[in-house]
Amino acid sequence: MTTYTALTTLPGRAPAEALGLAIEALNPAPTGVGVFEIEDGSGLWEVGGYFTERPDPAGLALLAAMHGAADFTVSKLDDRDWVAQVRRDLTPVVAGRFVLHGAHDAASVPPQAVGLRIEAAMAFGTGHHGTTQGCLLLLEHLLRHGVRARQVLDLGCGTGVLAMAAAASLHARCLAADIDPLAVATARENIRINRLHPLIGTVEAAGLTAERLRRHAPYDLVFANILAGPLKRLARPVAGAMAPGGHLILSGVLTEQARGVEAVYRGFGFSPVERLALGPWTSLCLRRGRGQK
């Protein structure tokens, strides 16, 4: 069976996700859609559709123009080669005790590791990006220093990787929240596949305004792997939702932005614990002061 791909790029996560949703309405419809951030610090995102019939060029051109994207590049792939390519690209990611893998690599996970399975069809947010790896390594740092948590929030959860890592290693109650309904559905499926649904709930929400997020506060551990601008705007509500002494792991921050983000959170009673740079990205671990309310 022949597979066609249609790929484009455009700046910004929100426009890219909007274009990804719009591609699903094409005729012929895609069998899958991927939205990936390009790991070069450019701020560009790649959006791709995968088709069993040649996609409509006029429809693609219209979508690109409407969403401010580059022209789509359409390619024809042999199906067998496509499967092999996916498996090469989604090799297991090791971050401390955590191993993120596809179903085809499940047997290679060491018995002492915390294995988390992410399906190839859910390729965005598989942990290959430096920001996700940074968050996992900072969680590993906290675990090695004996930090415990009873209530965890993964804000901007994507595929739910961070919530799953926390639930599996801390045996804590977690909420995975995202503004994107596709991300929430993807996270819910990954959580089910990994049999972590008794510990993790999913919420479609912008920021921390949802009633369910407020009801489960205060949180002992919060992940927010978003972008520097939104992270700064979320500092006040995040501080208000956290328990005194709780830990906050931030990512989606370019290295040159890290000091500015950290300074904003210092103003709300957080102190730095650890900083980790991977490629152009820096992840931050902060602690909320015990005297803060």
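**Helix α2, Arg13 and the nonpolar cores**

Just past helix α2, Gly68 has a positive phi of about 70°. The model is a predicted one, where local features need pLDDT of at least 70 and side-chain atom pairs count only at pLDDT 80 or more, while totals for chains, interfaces and linings use all residues. Residues are numbered from 1 along each chain as its sequence is written, and side-chain values use heavy atoms, with hydrogens and water left out.

Helix α2 covers residues 57–67, and Gly59, Leu60, Leu63 and Ala64 are its buried residues (under 20% relative accessible area, against over 50% for exposed, with a 1.4 Å probe and protein chains only). Looking down the axis of α2, these buried residues fall within an arc of 135°, so they line one face of the helix; the arc is taken from the directions from the helix axis to the C-beta atoms. Pro57, Ala58, Leu62, Ala65 and Met66 sit exposed on the other side of α2.

Over in helix α1 (residues 13–23) there is Arg13. Its contacts, meaning heavy atoms within 4.5 Å, are Trp45, Asp178 and Asn225, once neighbours within four places in sequence are set aside.

Now for the cores, which are sets of buried Ala, Val, Leu, Ile, Met, Phe, Trp, Tyr and Cys residues joined through side-chain atoms within 4.5 Å. The largest nonpolar core has 35 residues, and Leu139, Ile200, Leu221, Phe223 and Ile249 touch the most other members. Helix α5 gives the most to this core, with eight residues. A second, separate core of 30 residues includes Leu153, Ala177, Val222 and Ala228.

Conventions. Helix = DSSP H or I, 4+ residues; strand = E, 2+ residues; numbered from the N terminus.
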